[in-house]
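Subject: A structure for you to look at

Hello,

Here is the structure I promised to pass on. Please open it alongside this email, and I will go through what turned up.

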Amino acid sequence: MKLIRSSLLSSLMACILAMSVSTLNAAELRYVSGAVGNAIEVFQALVKPWEEATGHSVTLVPMPASTTDQFGQYRLWLAAGNADIDVYQTDVIWAPQLAEQFIDLKESAADLIPLHFPSIIESQTVEDKLVALPIFTDAPALYYRKDLLEKHNQPVPSTWEQLTEVARAVQDAERAEGNEDIWGFVWQGNAYEGLTCDALEWIKSFGGGQIVEPDGTISVNNPQAIAALDLAATWPGTISPPGVLAYQEEESRGVWQTGNAVFMRNWPYAYSLGNSDDSAVKGLFDVTTLPTGGGHDTSAATLGGWNVAVSKYSKNQEAAIDLARYLAGPEAQKLRTLMASNLPTIISLYDDADIAANQPIIPRWKDVFLQAVPRPSAPTKVKYNEVSAKFWSAVHNTLSGDGSAADNLELLELELQDLKGSGW
């Protein structure tokens, strides 16, 4: 691995030296990003050769792990015309809401655009403006303890109903043997954007639609969606810790990586961390696509991913654009994939021999990515955050026992109709 990284860094240096950035007027850039897992360490390793080659410097401004909190802070800074932040790391769903605050990268990145998945470039394009460049994509999977399933002669579940049964069976068997801290299934139950992702997967896989359909139809109040939430509401306190209703990604990973869960729903970043030397589950787990539900045969994985956008208020736009191009390019994406098991957005990297040898999960994640379902940010546009907040609140209420799924989704439908009436 060290040899590969060294070779990659040499390649990165050669690539960057060929860039046209002048080092006569070195810029001091500020880059803002969330801090999940080893994100800060990875970023510092990625950006160092760019700094050395260009003479520019980059200060990372870390944000809370919650994307909801990040977005709120971003909007405050941008609304104030803050020139202190040059480059923003943005969620895949934010482009329609922040498009006016970022510069158009379509012309400056014309050579990079064809390298990426077209659907991801499309997700970052608003009214023919390329708002941000993709640096990695995301689609969650089901992590499972293969050792425990083999030990208790249980299958890898293919449906949510089967997961519920298998998780309970293994949990009960382990606890009977004295493993009192084990839980069957950990996920993201806090009232935030992560719960929108989890619940969208349950509902979509049950045949209950996508909350709001691409044509703007509000579809969330239907029998399949109700059935999905009814099942999920049985998990807290049975196969999931009661505290799961406050979990985000890192809390889920914490329980999983200490060996105290049979199943986990999480993003790709948790794979390499789960196989780190200090992980209690190193070499004991595998991943598969998320289950189907309600008699349907289609899995659903929420499309995630992160991008880089250049603030129109930046006083160092030329250097900021160059940094964005570098981070979105094949060399930096390859190194990020090797270091953090992030999914590249550059199609050719799924066939890269080094990645296949050192991160064999990445080519396999292509199957997960093919099941990806977008959140309804495109049809709801600037109102997406309100739509999502109302959705996750209705789901959280249901999971907490505050009203039935049927009642909460009926109320949600009325609230979304009011939002739509005021203009999406």
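Which residue takes a positive phi just after α8? That residue is Gly207, with a phi of about 85°. Please keep in mind throughout that this is a predicted model.

Let me stay with α8 for a moment. The helix is made of 13 residues and spans 19 Å between its first and last C-alpha, close to the 18 Å expected at 1.5 Å a residue. Of those 13 residues, 12 are buried, so α8 is largely enclosed by the rest of the structure. The buried set includes charged and polar names such as Glu193, Asp198 and Glu201, as well as Leu195, Trp202 and Ile203.

Next, α2. This helix covers residues 39-54, 16 in number, and its first and last C-alpha are 23 Å apart, close to the 22 Å expected at 1.5 Å a residue. There is a kink of about 30° at Val47, shortly before the proline Pro49. Val47 and Pro49 both belong to the buried residues of α2, and so do Phe43, Leu46, Trp50 and Glu51, among others. Thr54 is part of α2 too. With a relative accessible area of 2%, Thr54 falls under the 20% limit and is therefore buried. A polar atom of the Thr54 side chain lies 3.2 Å from the backbone nitrogen of His56. Between those two residues comes Gly55, just after α2, with a positive phi of about 85°.

Now for the empty space. The cavity search gave 2 cavities of 30 Å³ or more. The largest cavity holds about 540 Å³ of space. It has 32 lining residues, and Val36, Phe136, Asp138, Tyr269 and Trp306 are the ones nearest its centre. Which helix gives the most to the lining of the largest cavity? The answer is α2, with 4 residues. The elements that each supply at least two residues of this lining include the strands β1 (28-34), β3 (87-91), β6 (133-138) and β12 (304-310). Among the helices that do so are α3, α8 and α13 (330-340), so both of the helices described above have a part in this lining.

There is also a pocket to look at. The largest pocket contains about 900 Å³ of space. It is lined by 34 residues, and those closest to its centre are Pro96, Ser123, Val126, Ser377 and Ala378. At least two lining residues come from each of α3 (67-79), α4 (95-98), α5 (118-123), β4 (125-126), β13 (372-373) and α16 (377-380). You will notice that α3 is listed for the largest pocket and also for the largest cavity.

Further along the chain, I would point you to Thr398, which sits in helix α17 (residues 384-399). Is Thr398 buried or exposed? Its relative accessibility is 6%, which is under 20%, so Thr398 counts as buried. A polar atom of the Thr398 side chain lies 2.9 Å from the backbone oxygen of Ala394. Leaving aside residues up to four places away in sequence, Thr398 touches Leu229, Ala233, Gly403, Ser404, Ala405 and Asn408.

Gly423 is found in the segment after α18 (405-421). At 34% relative accessibility, Gly423 counts as partly exposed, because that value falls between 20% and 50%. Gly423 and Gly293 are 130 residues apart along the chain, and their C-alpha atoms are separated by 34 Å.

Finally, two backbone angles deserve a look. Most residues other than glycine have a negative phi. Asp128 is not a glycine, yet it has a positive phi of about 70°. Asp128 belongs to the loop between β4 and β5 (129-130). Its relative accessible area is 55%, over the 50% limit, so Asp128 is exposed. Asn153 likewise has a positive phi, near 55°, and is a residue other than glycine. Asn153 lies in the loop between α6 (146-151) and α7 (160-176), and it is exposed, with a relative accessible area of 70%.

Do write back if you would like to go through any of this together.

Best wishes

Terms used
Residues are numbered from 1 along each chain as its sequence is written. This is a predicted model: local features need pLDDT of at least 70, side-chain atom pairs count only at pLDDT 80 or more; totals for chains, interfaces and linings use all residues. Side-chain values use heavy atoms; hydrogens and water are left out. Buried means under 20% relative accessible area, exposed over 50%, partly exposed in between (1.4 Å probe, protein chains only). A polar contact is a pair of N or O atoms within 3.5 Å; within protein, one must be able to donate a hydrogen and the other to accept it, and residues adjacent in sequence count only if both atoms are side-chain atoms. Contact means heavy atoms within 4.5 Å. The expected span of a helix is 1.5 Å times one less than its number of residues. The bend at a residue is the angle between axes fitted to the seven residues ending there and the seven starting there. On a 1 Å grid over the protein atoms alone, a cavity is a set of points where a 1.4 Å probe fits but cannot get out, and a pocket is an open set with protein on both sides within 12 Å along at least five of seven lines; lining residues have an atom within 4 Å of a point. Grid points are joined across faces, edges and corners, and a volume is the space filled by probe spheres set on the points.
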